[in-house]
Amino acid sequence: MILAVLALVFFACIKIILPFLGPILWSAIIVVATWPLYLRLRNRLGSRPKLATAIMTIALALVLVGPVAVLTVSLSENISSALNVFKDLTGVKLPENPPAWISKVPIVSGWIESVWHEAITDMQGFVEKIRPQIRMAATWLLAQGARLGLTLLEFLLVLLISALLYNNGEVLAGYTRKFTIRLGGAEGLSSLETAAQTIKSVSLGVIGTAAIQAILSGLGFWLAGVPGWVLLSFFCFFTALLQIGTGIIWIPVAIWLAYQDAHAWAIFTVVWGIFINIIDNFIKPYLISQGSGLPIALIFIGVIGGLITWGVIGIFLGPTLLAIGFNLVKHWMEQETVESSPLEK
């Protein structure tokens with residue numbers, strides 16, 4: 001009877017926590033990754049945990065909430081402007097012949113020229129023809145804006161939970177260690193330490209990769225003579241950090257360069273942006289594997305598999321779960337070897 005009541009209470013607790021599981025996991029990952037920084041800050045402030053918690057929370061707000069809020073506002077403001085531009089296409093007068101560089105574009109040059117001539121012949125009909133695609137693009141942009149809005153609300157909740165974890169981290173860590181020892185003994189405690197180290201390594205890999213992508217993107221924007229390239233680099237860092245990708249920044253930049261007749265730099269921006277996105281798949285697993293002690297192939301599988309299975313948070317969960325599993329299997333194999341060695345003698 002007692003076990004049934006305990007099971008019922010446990011099930012009810014899970015149901016209550018389930019809607020907040022995502023923010024709780026994010027908060028736990030952030031706090032574990034930044035805990036050494038919090039301890040150093042608290043010691044510098046003369047062991048004043050509340051002040052250290054406030055400073056860390058404000059810093060997290062600037063890093064997480066600030067960029068998402070700016071992206072949300074910018075996207076909502078520019079959607080209407082973009083739709084107005086499409087509405088005014090009927091009054092656009094194109095030259096009779098497309099630019100000479102279009103004929104040099106491989107594969108799609110003929111298609112671009114046919115579309116160009118169709119637009120010259122009947123701009124009104126051309127606009128009506130592409131209106132469904134314009135509507136789809138607008139719908140996609142609105143969906144991204146709504147997604148960013150929900151992300152903003154989720155990050156606000158993450159900030160609140162993170163502040164609570166900072167303030168009560170040592171107590172919660174003690175309970176977690178006791179629970180892990182009761183559950184799995186010394187092996188369980190070793191797996192817990194492995195999980196914490198993996199989370200720190202994954203966080204370093206994600207942030208480090210985002211920084212590298214931002215620096216390379218900024219270099220490309222600077223070479224192309226794009227105004228405001230420093231600000232665009234910051235946006236690339238935050239979009240890479242949020243796993244949205246830098247394409248949301250460099251694709252509009254490439255379109256703007258083409259509109260300014262800087263076609264060579266527009267092509268360079270596209271190629272450079274694709275290269276930056278490709279190296280993300282190699283730099284991130286490498287940086288993560290440096291601190292976790294896991295084989296880089298296992299880290300790569302954990303990052304990609306976790307992303308596919310659970311989304312952005314899977315980037316952290318995938319390698320962490322694989323690290324725990326790898327650690328448990330290694331302990332089991334070592335135990336089997338020790339137990340079998342007397343028989344071999």
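The questions and answers below concern a predicted model, and they move from its surface to its interior.

User: Which element gives the most residues to the nonpolar surface patch of about 800 Å²?
Analyst: The patch is made by L219, W222, L223, W229, V230, L231, F234 and W265. Two elements give two or more residues to this patch, namely helix 6 (169–223) and helix 7 (229–241). With four residues, the element that gives the most is helix 7.

User: Is L223 buried, partly exposed or exposed?
Analyst: L223, one of the residues that make the nonpolar patch, lies in helix 6. Its relative accessible area is 39%, and since the partly exposed class runs between the limits of 20% and 50%, L223 is partly exposed.

User: How far apart are the end C-alpha atoms of helix 7, and what span should its 13 residues have?
Analyst: The expected span is taken as 1.5 Å times one less than the number of residues, so the 13 residues of helix 7 should span 18 Å. The distance between the end C-alpha atoms agrees with this, at 18 Å.

User: Is T239 buried or exposed, and what is its relative accessibility?
Analyst: T239 is found in helix 7, where the buried residues include L232, F235, F238 and T239 itself. A residue counts as buried under 20% relative accessible area, and T239 therefore falls in that class with a relative accessibility of 1%.

User: Which residue just after helix 7 takes a positive phi, and of about how many degrees?
Analyst: Helix 7 covers residues 229–241, and the residue in question follows just after this helix. The residue is Q243, with a phi of about 65 degrees.

User: Which residues touch the most other members of the largest nonpolar core, and which element gives the most to this core?
Analyst: The core has 35 residues, of which Y166 and F316 touch the most other members. Helix 2 (21–44), helix 3, helix 5 (123–167), helix 6, helix 7, helix 10 (296–310) and helix 11 (314–344) each give two or more residues to this core. The element that gives the most, with seven residues, is helix 2.

User: Which residues are in contact with T53, leaving aside its neighbours within four places in sequence?
Analyst: T53 has its place in helix 3 (residues 49–87), and at 7% relative accessibility this residue counts as buried. Once those sequence neighbours are left aside, the residues in contact with T53 are Y38, A163, Y166 and N167.

Methods. Residues numbered from 1 in each chain as written. Predicted model: local features only at pLDDT ≥ 70, side-chain atom pairs only at ≥ 80, totals over all residues. Heavy atoms only, no water. Patch = residues over 30% accessible without salt bridge, like charges linked within 9 Å, V, L, I, M, F, W, Y side chains within 5 Å. Areas by Shrake-Rupley, 256 points an atom, 1.4 Å probe, with all protein chains shown as cover. Salt bridge = Lys/Arg side-chain N within 4 Å of Asp/Glu carboxyl O. Buried < 20%, exposed > 50% of the residue type's maximum accessible area, 1.4 Å probe, protein only. Contact = heavy atoms within 4.5 Å. Core = buried A, V, L, I, M, F, W, Y, C linked by side-chain atoms within 4.5 Å.
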